[in-house]
Amino acid sequence: MKIAIVCGHFVPEMGYVEVHLANTFHQLGHCVKVITSNKVSFSAKHIAINQNESSRDYDIVRLKTWFSYGQIVRSKGITKEIQNFSPDKVFVIGLGKVFPKEVFQLKNRKFELITLLGDNENAYNKASKNIKRTLLQKVFKTPVYELAIKNSDRLIGYTPSTKETVEAFVKTNLQEVFAKKYFQTSLGFDENEFYYSGEKRDELRASLNIAKDELVVVTATRVNAAKKLEQVIDAIEVLSNKGIRFKYILIGFSENEYCTQLKDYISSKKLEEVVITLPFIPRKEMVNYYNMADIGLWTQAAISIFEGLGTGLFLLLPQKNNVSHILNETTGNYYAETNLLEQLENSFSSYSETTRAENATASKMHFSFNTIAKKLIES
């Protein structure tokens with residue numbers, strides 16, 4: 001089968017959904033072509049696009065950008081690339097970037113058009129408080145969503161709150177159409193990259209001078225003020241002052257003012273021996289850090305949650321709709337901001353490594369992109 005993926009940004013070095021699907025569709029034996037812009041997304045601005053992409057297993061066409069603002073990016077030539085490729089299926093990802101607009105204006109198309117939606121309450125809670133974002137949504141983004149609802153064959157959300165979030169800003173007369181075409185899936189992980197390995201666990205612990213039996217908590221995220229990591233540091237301080245022996249690995253620091261402030265905050269708590277701060281780590285190396293840790297802690301939805309899940313990490317996630325489908329009684333717990341400390345302490349006392357390999361296997365059955373991609377194609 002010939003599959004085209006249309007997305008405004010495509011950064012193979014980052015583990016975003018479009019990259020995983022391109023890799024997985026290829027692994028499943030399909031001919032894949034990615035049609036994207038020559039811009040790097042704001043969230044990946046620290047990454048340089050590898051200009052030598054001819055060695056990849058699938059084609060990546062980077063179209064010249066004629067307009068960009070924030071996450072919005074526009075290029076000409078998408079229709080031509082699709083027509084030349086003549087795909088059986090086209091997957092569109094990232095409506096808010098406006099990039100795929102012309103895909104929904106194609107006449108007499110012969111391919112199935114599938115649009116993936118990752119919208120959730122996090123992004124729109126921020127946007128509602130910002131006049132500029134609200135204006136961009138109404139003028140540029142919402143019209144693309146409405147075109148997608150009218151002209152897509154299937155609309156697939158990958159968080160439990162996606163449907164409700166999108167319905168809140170599209171026209172009422174489109175909501176019935178939206179509901180008929182809508183299906184839900186999930187984000188996931190590449191099972192070839194993220195898996196449980198006791199060997200990797202021991203190797204990295206040795207290099208970081210962490211004892212084999214010492215409890216380790218890890219957070220892997222792009223460190224910024226929106227993540228409210230100060231509340232995590234406060235909880236870490238309380239537990240450390242109780243004499244509990246553990247390490248907290250915080251991955252994702254950049255060279256900016258906020259990251260410096262957070263490091264100063266950690267120092268002010270005298271937690272330098274407990275908290276290990278690390279910069280952005282290439283995705284292919286992250287399996288080592290997840291395996292080295294025991295508990296994964298996140299404050300917001302992120303694809304890195306699934307990467308940790310793939311290694312059997314016991315997870316602590318916020319009580320939010322966009323991650324409410326991930327955990328069961330053996331893979332982790334949800335916490336409210338008011339009981340983060342309590343949940344973290346309970347996890348320390350109840351954690352056991354004995355179920356880790358079993359959890360990793362179960363997670364692969366539900367959340368590997370291999371499983372997800374097959375369902376996207378077959379449903």
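## A tour from a helix pair to a parallel sheet

Begin with helices α8 and α12, whose crossing is right-handed in this model, a predicted one. Select residues 229-241 for α8 and residues 340-350 for α12, and look along the two axes, which come within 10 Å of each other and cross at roughly 50°. Angles under 35 degrees would count as roughly parallel and those from 65 to 115 as roughly perpendicular, so α8 is oblique to α12.

Next, show the side chains where the two helices meet: on α8 select Q231, V232, A235, I236, V238 and L239, and on α12 select L340, L341, L344, E345 and F348. Coloured by residue class, this contact between α8 and α12 divides into 9 nonpolar residues, 1 polar and 1 charged.

Now move to the sheet, an open one in which 6 strands follow the order β12-β11-β10-β13-β14-β15 with parallel pairing. Select 275-279 for β12 and 332-335 for β15 to find the edges, where each strand has a single partner and therefore one side without a neighbour in the sheet. Following the order across, the twist averages 20° from one strand to the next.

Stay at the β12 edge and add strand β11, residues 246-253, which runs parallel to β12 and is joined to it by 5 bridges. Within this pair, pick I251 and look across to L278 of β12, which stands opposite.

Finally, select residues 257-268, which form helix α9: this helix lies across both β11 and β12, and runs at about 165° to β11.

Definitions and conventions: Residues numbered from 1 in each chain as written. Predicted model: local features only at pLDDT ≥ 70, side-chain atom pairs only at ≥ 80, totals over all residues. Heavy atoms only, no water. Axes fitted to C-alpha atoms, helices over the stretch in contact; angles between N-to-C directions. Helix = DSSP H or I, 4+ residues; strand = E, 2+ residues; numbered from the N terminus. Parallel < 35°, antiparallel > 145°, perpendicular 65-115°, else oblique. Left-handed = near helix turned anticlockwise from the far one by under 90°. Contact = heavy atoms within 4.5 Å. Nonpolar A, V, L, I, M, F, W, Y, C, P; charged D, E, K, R; others polar. Pairing = 2+ DSSP bridges.
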